[in-house]
Amino acid sequence: MTDSAGPPAEPDDPATGHVTAGRSRRRLRWIALCVSFLVLALSGVGWWLYRKLEGNIGTDLTAAEELERYDKERPLPSPNGAENILLIGSDSRAGAGNDAYGRDKGIQRSDTTILLHLAGDRRSVTAVSVPRDLLVGIPSCRTAKGTRTRTQYTQFNSAFAVGGAACTIRTVERLTGVRIDHHMVVDFRGFKSMVDAVGGVTVCLAHPIDDPEAHLRLKAGKQNLNGEKALGYVRARKTLGNGSDTDRMDRQQQFLGALFNKVQSNGVLLNPTRLYPVLDAATKSLTTDPGLDSLKALFDVARSLRGVPTNRVQFLTVPRRSYPYDPNRDVLAQPAASKLFERLRKDEPVKVVPKGKTPSNSTDTESDSGTGSENPSATPTFSGTNATSGMCK
């Protein structure tokens, strides 16, 4: 008779293999269950990390609203899919770790401002520093208190102090005619965190440095700078070089070149264990426009830069000369500045050579503030450097 309680039990005889097969099936089911649980757990952790990193990013809605108000007077977007990102380094002393650089007076100025032009073919990057002491026309801007400033002709970094990123962007657009697609603001603490996250940046010093104001003391030779020392190095002014802001901008550009090399060379972008600390530091330190306030948007920018050859990551400063009535202020040097801005607007190649060197296509001597190429068919050449100069030989 058939047992209505269920199928007959398998013989408990190892020689038949039935017991082994049954146990194997149960073992496979258990492994499948564990793997499924692990996949779900990892997916949950991945989603949590993703949301955590996205939550780190600050979004500058105030600037977006202000720029929207003046959209009709802004320049047209660049052709060929080129993009322009304005990088603003704030000198705010607010926040933990920033008070060592001076008392927080409740205002902040743009300590460093760089116009980053990503060519449409993504085969070159041009980073143009705008001097903080450059005299420019600053439009009427909305302040944090809701009032509006008057139009004024004053030093460039005042724009960020009175009207934040929106005022700085409108000032740069009026100065250059270049449409700013995105912006990023980073403070002292964010800069230090980024450098620490990549394991420091190596620079080569021709002379020792002892600068009490920058809290910096370094020996000559190859030095790997952590975040704290790197901040002092790029901010030091009075005791390094000739003490000018020009010399400091040159140092900042070389440091950024070395940082670019570090990120590209040590596999940061391809190694998750190295990439996460960098992303965590970067996202915590950034305030961006709504178009860049997501991991995907930031990753797309980073990915587009990954294939750019080091020698085509170029740095230069807006061509300028001393203001005749105040040697501590600068004004644009023409026609060099206009030629540079036109190349950026049209997404045309920009060529740079070290100061004092004359390009082969030049017909006269290049000055530090301008271009040495007078041949209309030649690519204008400007004093500057590329990311290879940030490498220790």
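This passage looks at the cavities in a predicted model and then at one residue outside that topic, Ser-193.

Start with the enclosed spaces. Two cavities of 30 Å³ or more turn up in the structure. The largest has a volume of about 70 Å³, while the second largest holds about 30 Å³ of space.

Twelve residues line the largest cavity, and nearest its centre sit Asp-111, Thr-112, Thr-113, Val-130 and Arg-132. As for secondary structure, at least two lining residues come from strand 3 (110-118), and at least two from helix 6 (245-265). The chemistry of this lining is mixed: three of its residues are nonpolar, five are polar and four are charged.

The second largest cavity has another set of walls, made up of Leu-115, Val-128, Val-130, Val-172, Leu-175, Thr-176, Val-318 and Phe-341. Helix 3 (residues 158-176) is the top contributor here, giving three residues to the lining. Sorted by class, this lining comes out as seven nonpolar residues and one polar residue, with no charged ones. Val-130 is worth a second look, as this residue is listed among those nearest the centre of the largest cavity and also appears in the lining of the second largest.

Now for Ser-193, which belongs to helix 4 (residues 188-197). Its relative accessible area is 29%, so Ser-193 counts as partly exposed, a class that runs between the 20% and 50% cut-offs. Along the sequence, Ser-193 and Glu-228 are 35 residues apart; in space, their C-alpha atoms are 8.8 Å apart.

Technical notes. Residues numbered from 1 in each chain as written. Predicted model: local features only at pLDDT ≥ 70, side-chain atom pairs only at ≥ 80, totals over all residues. Heavy atoms only, no water. 1 Å grid on protein atoms, 1.4 Å probe; cavity = no way out; pocket = protein on both sides within 12 Å on 5 of 7 lines; lining within 4 Å. Points joined across faces, edges and corners; volume = space filled by probe spheres on them. Helix = DSSP H or I, 4+ residues; strand = E, 2+ residues; numbered from the N terminus. Nonpolar A, V, L, I, M, F, W, Y, C, P; charged D, E, K, R; others polar. Buried < 20%, exposed > 50% of the residue type's maximum accessible area, 1.4 Å probe, protein only.
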